[in-house]
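Visitor: I have a model open and a few things to ask. Can we go through it piece by piece?

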Amino acid sequence: MQVRLLGWFQTAARDLPWRRERSAWRTWVSELMLQQTTVGTVAPRFEEFLRRFPDARAMAAASEQDVVEAWAGLGYYSRARNLHRAARIVAEKHGGEVPRTWDDVRALPGIGDYTAGAVLSLAHGVRVPCVDGNVRRVLSRLAGRDLDGRELAERAAELVPESAPGKWNEALMELGATVCRPRDPACGACPLAAGCRARIEGSADRLPAPKVRPATVKAKASYAWIERRGRVLLGRRPPGPLGGLWEFPGDRVPRACLAAALRARLGVAARVGARIASARHTITHHRIDAALYAATLRADPRAAGYAELSWIRERDLPALPMTAAARKLSGDRNGSARVWKVIE
Ligand code: SF4
C-alpha cells in the first residue's frame, strides 16, 4: 500500500509553492494559510508573505498589525495573530528555530494536532500522523465504514512508515484532495483501488457520513458609512473577537438600534439615513445579514468602543485588514455587495 501510494505521489503531486523548498517555517505558514482557504487563493500569496517574513525571527520582530496587514485577503485573522504570538515564542524560547518535538510544537498558539503533525512529519521527518478531512475520507473509505476519532487516529498512526513519513502524509492528503474527492471519487485512477472496501461495496459516495451540523442561527448587523471630505470613518476593533481588524462603525444589531450602537462606539449622537449596501456573511452556523447605512455625526467622534478610529480614503479600503463583513460591504470581494457614494 505504501509503495503504491508513494509511487503515485511521485508522478501525480501538484506543483505547489510550499513544496518547492521545504522548511519547518514554510510548512507551518502554508498549513495555516490553507486552513479554511483554498489552494488557489493561497498559492499566489505564499511567496510574497514569505519574502516579508522569511523566518520566525523576522516575524517576531514585526508588530502584530504588520502581520495582520500582510495577511489581508486570506481571512480568519486569528490565524495571523496566533502565528505572530507563536513566532515570538519560537524566537525567545527556541532560538528562532521551529522546535522538533511534539510537545514543544503543540504548545505553540494556534497549532493543533493536524498542524503539529504536518510540521513535524513534512519538514522534520518525524514519524507522526497528520489527519485532516481528506485523510479521514480516504481512511474511512478504505475501511468501508465510518471510523470514530480514536480508530481514525490509531489507523493513521499505524500506517505512517518509518522512512519518508512526511511524504506518506502528504501523499494521503493529496489523494483525498485530487482523487478520493468528497463527491464523485475517481476510483479508476486510484492507486489504492484494489484494497478499497468502499469501492468494492459501492459505498464511497456515502462515506464518511456527513457530520450533523447545528441549526443555522440568523442575525442582523448594521454599520454606518460616515464620510467627511472624501474619507470614510473606520474603527479598529479592540482585543477580543476579530480584534485588530477594521470595520465600518456599527454592531451586530438591527437598523433600529444602529444609532445607539454608534453612540456607544463613537461617543456621539448620529443620524442614520438610507441603506446603501448589504451583504450576507456566514460564520460557522451563524448567518448574518449585514447592511451599511449612510449616517452623519452630530460632533467629532472618539474611539469609545474601538481601539482606534481613522478616516480612510475609499481607494485605500482594499489594502486595509478588515473584518469579512466590512470587506463584503465595501464591495471589493466576492462581488456580493458594493458601496454607493453617499449623496447628501
Ligand atoms: S478506490 Fe475510490 S473510494 Fe477507494 S480510496 Fe480510491 S478513490 Fe477513494
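Guide: Here are some notes on a helix pair, the ligand shell and one residue.

Guide: This is a predicted model: local features need pLDDT of at least 70, side-chain atom pairs count only at pLDDT 80 or more, and totals for chains, interfaces and linings use all residues. Residues are numbered from 1 along each chain as its sequence is written.

Visitor: At what angle do α10 and α11 pack?

Guide: Helix α10 (residues 133-143) packs against helix α11 (residues 149-159) at about 90°, and their axes are 11 Å apart. Helices here are DSSP runs of H or I, at least four residues, numbered from the N terminus. Axes are lines fitted to C-alpha atoms over the stretch in contact, with angles from 0 to 180 degrees between N-to-C directions.

Visitor: Which residues of α10 and α11 meet?

Guide: From α10, V135, R136 and L139 meet L152, R155 and A156 of α11. Contact means C-beta atoms, placed from the backbone, within 7 Å.

Visitor: Switching to the ligand. Which of the 14 residues around it come nearest?

Guide: C180, C187, C190, C196 and A204 do. A residue is near if its C-beta atom, placed from the backbone, lies within 6 Å of the molecule.

Visitor: And which helix gives the largest share of that shell?

Guide: α10, with three residues. Both α10 and α13 supply at least two each.

Visitor: Is E201 buried or exposed?

Guide: E201 is partly exposed, because it has 13 C-beta neighbours inside 10 Å; 20 or more would be buried and 12 or fewer exposed, with C-beta atoms placed from the backbone. E201 is in helix α13 (residues 197-201).

Key:
Contact = placed C-beta atoms within 7 Å.
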